[in-house]
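Dear colleague,

I am handing over the structure we spoke about, and you will find it directly below. Please have it open while you read the notes that come after it.

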Amino acid sequence: MTSRTGTTAGRVDPGAFRHVLGLFCTGVTIITAGDGVRPVGFTCQSFVSLSLDPPLVSFSVSRTSRSWPLIRARGAFGVNILTAEQEGLCRTFASRAVDKFAGVDWTPGPVTGSPRLPGSLAWVECTVEAEYPGGDHVIAVGRVRDLEVVDGDADPLLFFLAGFRRPAPAVPPAPAVPGSVLTAGGTGPAVPGTP
């Protein structure tokens with residue numbers, strides 16, 4: 001089914017924009033930092049890998065965020081990649097609460113001191129590399145200083161169509177088709193003559 005109801009005279013309808021882009025499933029993170037007084041953080045689903053060399057990541061944050069100015073001033077941040085079991089924590093950090101860390105256990109990261117949240121899939125410590133305007137958001141770029149997989153076997157927390165999701169159970173890979181570009185496991189080179 002195809003629909004083009006999202007534009008009128010070149011203007012994109014905000015509701016249609018949200019719906020269409022909501023079809024893109026993302027992981028969910030909590031961006032954290034220490035501000036010298038108390039830790040701060042916010043839920044973020046726009047976190048992405050940006051560059052391998054140098055190692056850079058990026059995320060977008062609303063211009064109205066109260067947490068981002070404190071994190072930017074600190075010059076460093078941590079990214080906690082959430083598991084499906086952390087939906088409640090995710091909702092807390094998505095709120096406008098003044099102290100989102102109330103009752104939340106955390107430990108300082110070894111490089112920047114940014115809060116690491118127990119139970120996360122992984123964490124990444126970064127220094128703020130750059131910031132760019134992005135409409136009603138700010139595009140932040142961070143240089144990776146340290147990272148670690150904490151629980152690589154846990155299911156990630158996913159966000160799809162304005163709701164949280166869990167991944168479907170893993171399906172065993174199909175057998176390789178002779179002459180296909182994928183190996184039986186779906187990984188690695190399958191071009192004849194390559195290792």
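What follows is a description of the chain as a whole, then of its sheet, its helices and some individual residues.

Please keep in mind throughout that this is a predicted model. The chain has 195 residues, of which 32% count as buried, and its secondary structure consists of 3 helices and 14 strands. The accessible surface of the chain comes to about 12000 Å², and carbon and sulfur atoms account for 60% of that area. Among contacts between residues at least 6 apart in sequence, 61% join residues that are at least 24 apart.

The sheet

An open sheet is formed by 7 strands, which are arranged in the order S5-S4-S8-S11-S12-S7-S6 with antiparallel pairing. Its edge strands are S5, covering residues 39–44, and S6, covering residues 48–51, each of which pairs on one side only. On average, and with direction ignored, neighbouring strands of this sheet are turned by 35° against each other. As a general reminder, the strands of a sheet pair through backbone hydrogen bonds, in either a parallel or an antiparallel way.

At one edge, strand S4 (residues 29–34) pairs with S5 in the antiparallel sense over 6 bridges, and within this pairing Thr29 stands opposite Cys44 of S5. At the other edge, S6 and S7 run antiparallel and are joined by 3 bridges; the partner of Ser51 in S7 is Leu56, while Val48 stands opposite Ser58, also in S7. The connection from S6 to S7 is a hairpin through 4 residues. Pro54 is found in the loop between these two strands, and the peptide bond that leads from Asp53 to Pro54 is cis, with omega near 5°. For comparison, most peptide bonds are trans.

Strand S7 also pairs with S12, to which it runs antiparallel and is joined by 7 bridges, with Val57 standing opposite Gly142 of S12. Because 5 of the 7 residues of S7 are buried, this strand is largely enclosed by the rest of the structure.

Helices against the sheet

Helix H2, made of residues 67–74, lies across S4, S5, S7, S8, S11 and S12, and runs at about 120° to S5. Helix H3, made of residues 87–94, also packs on the sheet, where it touches S4 and S5, and its direction makes about 110° with that of S5.

Two polar side chains

Which residues does the side chain of a loop glutamine such as Gln86 meet, and is Gln86 itself buried or exposed? Gln86 has its place in the loop between S8 and H3, and Gln86 counts as buried because its relative accessible area is 7%, which is under the 20% cut-off. Setting aside residues up to four places away in sequence, Gln86 touches Ile81, Leu117, Pro118, Gly119, Ser120 and Leu157. With one of these, Pro118, there is a polar link, in that the side chain of Gln86 reaches the backbone oxygen of Pro118 at 3.2 Å.

Arg116 lies in strand S10, which covers residues 115–116. Its C-alpha is 7.0 Å from that of Gly78, although 38 residues separate Arg116 and Gly78 in sequence. Beyond its neighbours within four places in sequence, Arg116 is in contact with a series of residues that includes Asn80, Trp106, Thr107, Pro108, Trp123 and Val150. Glu148 is also one of the contacts of Arg116, and here the two side chains make a polar contact at 3.0 Å.

Cysteines

How many disulfides does a search of the whole structure find? The search finds 0 disulfides, a disulfide being, in general, a covalent bond between the sulfur atoms of two cysteines. As for individual cysteines, Cys90 counts as buried because its relative accessibility is 1%, and Cys126 likewise counts as buried because its relative accessibility is 0%.

With best regards

Conventions:
Residues are numbered from 1 along each chain as its sequence is written. This is a predicted model: local features need pLDDT of at least 70, side-chain atom pairs count only at pLDDT 80 or more; totals for chains, interfaces and linings use all residues. Side-chain values use heavy atoms; hydrogens and water are left out. Two strands pair if DSSP finds at least two bridges between them. Axes are lines fitted to C-alpha atoms, for helices over the stretch in contact, and angles run from 0 to 180 degrees between N-to-C directions. Contact means heavy atoms within 4.5 Å. Buried means under 20% relative accessible area, exposed over 50%, partly exposed in between (1.4 Å probe, protein chains only). A polar contact is a pair of N or O atoms within 3.5 Å; within protein, one must be able to donate a hydrogen and the other to accept it, and residues adjacent in sequence count only if both atoms are side-chain atoms. A disulfide is a pair of cysteine sulfur atoms within 2.5 Å. Accessible areas come from the Shrake-Rupley method with a 1.4 Å probe; for residues, only the protein chains shown count as cover.
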